[in-house]
Amino acid sequence: MDGSTDSGNIDDELFLAVFCDVDGMDERVHTRMKFLAVERPNDATASGLFQCLQCCLHKIGVKAIDAEECKRLVGIGTDGTNTNIASAGLKGLVESQVPWVFWMWCLAHRVELAIKDALKSTTFDLIDEMLLRMYYIYEKSPKKCRELENIITDLKEFMKFDDAGIPPVRASGTQWVTHKLSAMKRIISKFGAYTSHLVALSEDSSTKAADHAKLKGYLKKWLMLNIFWAVPSL
């Protein structure tokens, strides 16, 4: 099971099942994967997730989470948040009823955390900081977004961009690697447009003096070529 958010930024829980199919055409036991349900928790607490799990199991004929009804349940996989894996979290609630269940910390989440740890105290720290600052420049400024769009529109007459978006992408979120790659792809695709706009903003007389200095320092860092020598091919 894993959490996700819909277009309205509302949390949902998604359930997949991996099971052994003994009713195949041959004598072999086949491993299958099946999508079970999407459930919306009343809240993001352990009890809310436990209720979602119960609703999901009800849909496939399992009436309760207990030793009798869940005797074929081997394991559950989730991410590593305390709500899921703490003794007072979802894991603790399930194990109190089904003590033999094997709890797995999702491999995909663990790989992302391992990559994040491996990149600490490297050049990527500077890249990450620059991506975040670039995002915040445009996040709450429709005026800057319009100016950037005008620059990109002019450049499209003689340039082709690999990425169709315009404003920078937020480089943080639960899917750490995916967010970083998306943000870097957008920046690299439109690097000339972004730096041209930073030059214009740093020379704009309507910009505060303190912001002038920040933007010039920010632009200088972006123009340091060694920042992008560390970025792998996208």
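## L148 and the core around it

Start with L148 in this predicted model. Setting aside neighbours within four places in sequence, L148 is in contact with Y138, I166, P167, A193, Y194 and H197. L148 also turns up among the residues with the most contacts inside the largest nonpolar core, next to L131, M134, I137, L198, Y218 and W222 on that list. That core has 25 residues.

Who builds it? Helices α5, α6, α7 (176–189), α8 (191–203) and α9 each put in at least two residues. The largest share comes from α5, with seven residues. As a general point, nonpolar side chains in soluble globular proteins tend to be buried together.

There's also a second core, separate from this one, with 18 residues. Its members include F50, L53, C56 and V101.

## Helix α1

Two of those names, F50 and L53, bring us to α1, where both are on the list of buried residues. The full buried set in this helix is A46, G48, L49, F50, C52, L53, C56 and L57. Among the elements covering them are strands β2 (11–21), β3 (30–39) and β4 (75–78), along with helices α2 (82–85) and α3 (90–97).

As for geometry, α1 runs over residues 46–59, which makes 14 residues. From its first C-alpha to its last it reaches 20 Å, close to the 20 Å expected at 1.5 Å a residue. After the helix comes G61, with a positive phi near 90°.

## The second largest pocket

Now for some empty space. The second largest pocket comes in at about 390 Å³. It is lined by 16 residues, and the closest to its centre are I137, K144, L201, D211 and L215. I137 does double duty here, since it is also one of the residues with the most contacts inside the largest nonpolar core.

The elements giving two or more residues to the lining are α5 (124–139), α6 (142–155) and α9 (209–222). Of these, α9 gives the most, with four residues. What is the lining made of, sorted by nonpolar, polar and charged? The split is five nonpolar, three polar and eight charged.

## K190, a lysine tucked into a loop

K190 sits in the loop between α7 and α8. Is K190 buried or exposed? Its relative accessibility is 1%, so it counts as buried, the cut-off being under 20%. Leaving out neighbours within four places in sequence, K190 is in contact with I152, F161, D163, A164, G165 and I166. I166 is a name we've met already, as one of the contacts of L148.

## A few residues with more solvent in view

T153 is in helix α6. At 44% relative accessibility, T153 counts as partly exposed. Its C-alpha is separated by 9.7 Å from that of A193, which is 40 residues away along the chain. A193 is also one of the residues in contact with L148.

V111 belongs to helix α4 (residues 107–118). With 41% relative accessibility, V111 is partly exposed too, because the range for that label runs between 20% and 50%. V111 and A17 are 94 residues apart in sequence, and their C-alpha atoms are 21 Å apart in space.

Last comes S121, in the loop between α4 and α5. Its phi is near 60°, a positive value in a residue other than glycine. S121 has 72% relative accessibility and therefore counts as exposed.

Terms used
Residues are numbered from 1 along each chain as its sequence is written. This is a predicted model: local features need pLDDT of at least 70, side-chain atom pairs count only at pLDDT 80 or more; totals for chains, interfaces and linings use all residues. Side-chain values use heavy atoms; hydrogens and water are left out. On a 1 Å grid over the protein atoms alone, a cavity is a set of points where a 1.4 Å probe fits but cannot get out, and a pocket is an open set with protein on both sides within 12 Å along at least five of seven lines; lining residues have an atom within 4 Å of a point. Grid points are joined across faces, edges and corners, and a volume is the space filled by probe spheres set on the points. Ala, Val, Leu, Ile, Met, Phe, Trp, Tyr, Cys and Pro count as nonpolar, Asp, Glu, Lys and Arg as charged, and the others, Gly among them, as polar. A nonpolar core is a set of buried Ala, Val, Leu, Ile, Met, Phe, Trp, Tyr and Cys residues joined through side-chain atoms within 4.5 Å. Buried means under 20% relative accessible area, exposed over 50%, partly exposed in between (1.4 Å probe, protein chains only). Contact means heavy atoms within 4.5 Å. The expected span of a helix is 1.5 Å times one less than its number of residues.
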